[in-house]
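Visitor: I would like a close look at one part of this model, the contacts between charged side chains. Please start there and then move outward to the parts around them.

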Amino acid sequence: MDRVPAGEPTPVAQPASAPGIRHWDAPSYDRLSDPMTRWGAEVLSRLPLSPGDTVLDAGCGTGRVTEMLLEKMAGGTVVALDAAASMLTEARRRLARFGGRVTYVDADLLDLAPATLGSSAPVDAVFSTATFHWVLDHDRLFHNLARVLRPGGHLVAQCGAEGNIARLIEAVRATGVERAGAWLYASPDDTRRRLEASGFTDIDVWTHPEPTPIDPAELETYLETVCLRTHVLAMDPDERRAFLTAVADSLGEPVIDYLRLNIVARRG
Ligand SMILES: C[S@@+](CC[C@H](N)C(=O)[O-])C[C@H]1O[C@@H](n2cnc3c(N)ncnc32)[C@H](O)[C@@H]1O
């Protein structure tokens, strides 16, 4: 079963798109996303590429990992897709030097269809890092990705797994706040089953821990920008500051207990 932290609404009770899907502090994320960029480089090393490929970066954020993808591709093109306009603005700035090799698409992955990508569909590969756990319906997500991927094309991705940030979730609970977050931390078994149901083959799904120390001086901003982004969306500034300080105190050692879900598959 998918893990939904106690005190959080279940995915079925949520609208298909996470609340606050378009609200990201992109400049802060860009500054604080060294861990995701490091993981992204590792995930990228698993992506087979051929000259002239078109790759969809599903949830490109500010483009730090997309930039590495473009450098590795040496000639192919990338569709940089994200649902947050703020993230796409940063991505456009960072990736400007690649000119026409990048197409930017402002879209929700849960609404993705071949028409969303225009003449870029079908793509040769789908690549995604640190994004799928923000998408609350993985059946629909994988179905949509399969529709835009050519037969035989690769899906290579990583996101949070069942059990991700359990220690941080405990720290939130210790503050007495039960305000909704919005993640889907899926298990390898559920993910494999969903991929098969969407027509993927050659499936490999596994988890690995990534305990990540955060600079104590940046911890509250990191939590506000990344892990607890949706928790604080509706809080006023004073409430937000008090909450983040309480969570940081409760966490103690400034280490986030990330557990990553790795996905490698091909469209049948
Ligand atoms: C943590 S960031 C990861 C960005 C980048 N891939 C990286 O590794 O740094 C997650 C990104 O997923 C995007 N995102 C979340 N849900 C989405 C959805 N349903 N459709 C499209 N993008 C989504 C967010 O806007 C955000 O830019």
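How many salt bridges does a search of the whole structure find?

Guide: A search of the whole structure finds 18 salt bridges, a salt bridge being a side-chain nitrogen of Lys or Arg within 4 Å of a carboxyl oxygen of Asp or Glu. This is a predicted model in which local features need pLDDT of at least 70 and side-chain atom pairs count only at pLDDT 80 or more, while totals for chains, interfaces and linings use all residues. Residues are numbered from 1 along each chain as its sequence is written, and side-chain values use heavy atoms, with hydrogens and water left out.

One of these salt bridges joins R94 and D30, whose closest N and O atoms are 2.6 Å apart. R94 lies in helix α4 (residues 85-95) and D30 in helix α1 (residues 26-32), so the salt bridge ties together parts that are 64 residues apart in sequence. Helices here are DSSP runs of H or I with at least four residues, strands are runs of E with at least two, and both are numbered from the N terminus. With 14% relative accessibility D30 counts as buried, whereas R94, at 22%, counts as partly exposed. Buried means under 20% relative accessible area, exposed means over 50%, and partly exposed lies in between, with a 1.4 Å probe and protein chains only.

The R94 and D30 pair is part of a network of salt bridges that links D30, E67, E71, R94 and R97. E67 also belongs to the buried residues of α3, which are R64, V65, T66, E67, L69, L70 and M73. Helix α3 (residues 64-73) is mostly covered, with seven of its 10 residues buried. After α3 comes A74, with a positive phi near 45 degrees.

Helix α1 takes part in another salt bridge, between R31 and E218, with the closest N and O atoms 2.5 Å apart. That pair links distant parts of the chain: R31 is in helix α1 and E218 in the loop between β6 and α8 (219-225), 187 residues apart. Both residues count as partly exposed, R31 at 45% relative accessibility and E218 at 22%.

In α8 itself, E220 meets the side chain of R241 from helix α10 (residues 237-251), and the two are 21 residues apart. The salt bridge between R241 and E220 is 3.4 Å from N to O. R241 counts as partly exposed at 37% relative accessibility, and E220 does so at 24%.

α8 and α10 also appear in the cover of helix α6. What covers the buried residues of α6 includes α8, α9 (229-232), α10 and β7. In α6 (residues 166-174), the buried residues are L168, I169, A171 and V172. They cover an arc of only 155 degrees around the axis, which puts them on the same side of α6; the arc is that of the directions from the helix axis to the C-beta atoms. An α-helix has 3.6 residues a turn, so residues three or four places apart point the same way. Just after α6, G176 takes a positive phi of about 85 degrees.

Strand β7 also packs against α7. D190, T191, R194 and L195 are buried in helix α7 (residues 188-197). Their arc around the axis is only 130 degrees, which puts them on the same side of α7. These buried residues pack against α5 (138-148), β5 (149-160), β6 (200-213) and β7 (255-267), where contact means heavy atoms within 4.5 Å. The face turned away from the buried side of α7 carries the exposed residues D189 and A197. G199 follows α7 and has a positive phi, near 95 degrees.

Within β7 sits V264, which counts as partly exposed at 21% relative accessibility. Leaving aside its neighbours within four places in sequence, V264 is in contact with R46, L155, D202, I203, D204 and W206.

Last, the ligand. It is surrounded by 21 residues, the closest being Y29, G59, D82, D108 and L109; a residue counts as near when one of its heavy atoms lies within 4 Å of the molecule. A backbone N or O atom of G59 is 2.7 Å from a nitrogen atom of the ligand, and a polar backbone atom of L109 is 2.8 Å from a ligand nitrogen.

How values were computed. A polar contact is a pair of N or O atoms within 3.5 Å; within protein, one must be able to donate a hydrogen and the other to accept it, and residues adjacent in sequence count only if both atoms are side-chain atoms.
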